[in-house]
Protein chains: 2
Amino acid sequence: MTIRVLLVDDHAVVREGYRRLIEKHQGISVVAEAEDAASGYQAFKCHGPDVVVVDVSMPGRGGIDLVRQIRQLDCDARILIFTMHASATYAQQAFRAGARGYVTKSSPPDVLVSAIRSIYSGRPALCAEINEIIAASSLSDGMSVVDELSPRAFEILRMILEAKSTDEIAAAFNLSPKTVANYHYEIKSKLGVRSDIELVYLCMRQGLVAPLAEQAV
Amino acid sequence: MTIRVLLVDDHAVVREGYRRLIEKHQGISVVAEAEDAASGYQAFKCHGPDVVVVDVSMPGRGGIDLVRQIRQLDCDARILIFTMHASATYAQQAFRAGARGYVTKSSPPDVLVSAIRSIYSGRPALCAEINEIIAASSLSDGMSVVDELSPRAFEILRMILEAKSTDEIAAAFNLSPKTVANYHYEIKSKLGVRSDIELVYLCMRQGLVAPLAEQAV
DNA sequence: GTTTTCCTCGGGAAATTTGCCCAGGAGCCT
DNA sequence: AGGCTCCTGGGCAAATTTCCCGAGGAAAAC
């Protein structure tokens, strides 16, 4: 009996590559492919695969959302996230959504195969890179970091994400620019980012910034 | 007479996939792989491949810079950019650097193979997606502001968007931090933004940053 | 009731970045 | 040769960031 795999990734070439890589191994075969969350969901219902391999970044609803959907349908589904993002936030989101494994694309090729086997036999799978990053970042917490900001800090964060200057924010809240700058610093250090650009990316992943960033700049 | 290909991509699994896909076809074989610009350059010197397939987003100096380097060494080198970014701006920069083709990873698998053949026989190669985007962007209005950046400035912008610090960028390009800071300033003023956050939003609208900010932070 | 904790607000001082100007050199076009 | 743009970085004042600190208040814990 072979492990029946469903591949979900928006890049056809990449799927092709996985398929070939996977099928080189005994006992695993790809029974279906899908290029987005919607068709991935349909394919899951059709084929009832043993393991689903999902990329996170896909047009439309992302891979993590697909995980959540599939798990609602079948809470025993074994889903492996396979992505380029070595991000603790993503990994946390993925596991919270019900994924059983998270492997980055920069891992050696057979890590994918062994992760599929792990998940199939009920063991969670994490690649070395993600283990490191999670260990490093979530020694203390485990929740969405942004939730730990105080209300005031959060308000100021929103203004920062709207690309307002320190002085504009200070004026809007009737604060000293110094106070705003201090909040800005506190936000960055509490969220563990080193620059405003990292801050934007982090907040985008948390859904705090419009995906298309249609900011009036 | 087989076409000898060098693959440059930072993800081992992805390279593996390309290799398998490519080698399924008659008359093409992968003679070497590299995981970053530096080793890609070395591999080019060692093997003198007929065609080089390069990803743009790689740690350290990016793929476009590698194109420029290789072309300096051998101005007949045939280089194909193969990337996830469906961006007219990236494509323009790539061609300006000396690439002969630009294909997105979301293209059907054999587009990669036929692009390699095209390039090998001297014809430029563009995938359908990029043709569309270039057409759309060129008839809507002239060039975007980003295209007015010099090659060097563009490379540095790329690193900035990857949330690299001034010192990291300086180290990657072997420049004085002061020079990088000057470029950073020049970029912001030429693009008419007042902060790094506005810069990110602008570049997102230009397609230079992945829609969901898939940066590993 | 009191201590502890957290939030809010800002000062201070050192370190760093920003904004802008300048200049030499390489390489191109005419 | 003369004029371009590009790449490279120094200089320097002004602004910002970074980090530490304290005070006042509210809420929660003891």
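**Exercise 1. Find the salt bridge between B:E168 and A:R194, and place it in the interface of chain A and chain B.**

Start with the pair itself: the side chains of B:E168 and A:R194 form a salt bridge, with 3.6 Å from N to O. The model is a predicted one, so treat this distance as a computed value. To see that the pair qualifies, recall that the rule asks for a Lys or Arg side-chain nitrogen within 4 Å of an Asp or Glu carboxyl oxygen.

Next, ask how many salt bridges the rule finds across this interface. There is one. Polar contacts across the interface come to four residue pairs, with both residues at pLDDT 80 or more.

Now look at which parts of chain A take part. On the side that touches chain B, the elements giving two or more residues are α1 (12-23), α7 (151-161) and α10 (196-205) of chain A. Sorted by class, that side of chain A holds 23 nonpolar, eight polar and nine charged residues.

**Exercise 2. Describe the extent of the interface.**

Begin by counting: 40 residues of chain A are in contact with 39 residues of chain B. Then turn to area. The two chains, A and B, bury about 3700 Å² between them, and 69% of this is on carbon and sulfur atoms. Which three residues supply more of chain A's buried area than any other three? They are A:V13, A:I197 and A:Y201, which supply 19% of the area that chain A buries against chain B.

**Exercise 3. Work out why A:R20 and A:E16 can be linked to a helical turn.**

First, note the link: the side chains of A:R20 and A:E16 meet in a salt bridge of 2.4 Å, N to O. Then consider their places in the helix. Because A:R20 and A:E16 are four residues apart in helix α1 of chain A, about one helical turn separates them. For the wider count, the rule gives 22 salt bridges over all chains.

**Exercise 4. Locate the largest cavity and list what surrounds its centre.**

A search of the whole structure turns up one cavity of 30 Å³ or more. The largest cavity holds about 150 Å³ of space. Its lining has 13 residues, and those closest to the centre are A:M84, A:K105, B:H11, B:M84 and B:K105. Finally, sort the lining by class: four residues are nonpolar, four are polar and five are charged.

**Exercise 5. Trace the surroundings of B:D50.**

Find B:D50 in the loop between α2 (37-47) and β3 (51-54) of chain B. Setting aside neighbours within four places in sequence, B:D50 is in contact with B:T2, B:I3, B:R4, B:R78 and B:Y120. Lastly, compare positions: B:D50 and B:D76 are 26 residues apart along the chain, and their C-alpha atoms are separated by 9.6 Å.

Technical notes: Residues numbered from 1 in each chain as written. Chains lettered and ligands numbered in written order. Predicted model: local features only at pLDDT ≥ 70, side-chain atom pairs only at ≥ 80, totals over all residues. Heavy atoms only, no water. Contact = heavy atoms within 4.5 Å. Buried area = accessible area lost by both parts, 1.4 Å probe. Polar contact = N/O pair within 3.5 Å; in protein donor to acceptor, adjacent residues only side chain to side chain. Nonpolar A, V, L, I, M, F, W, Y, C, P; charged D, E, K, R; others polar. 1 Å grid on protein atoms, 1.4 Å probe; cavity = no way out; pocket = protein on both sides within 12 Å on 5 of 7 lines; lining within 4 Å. Points joined across faces, edges and corners; volume = space filled by probe spheres on them.
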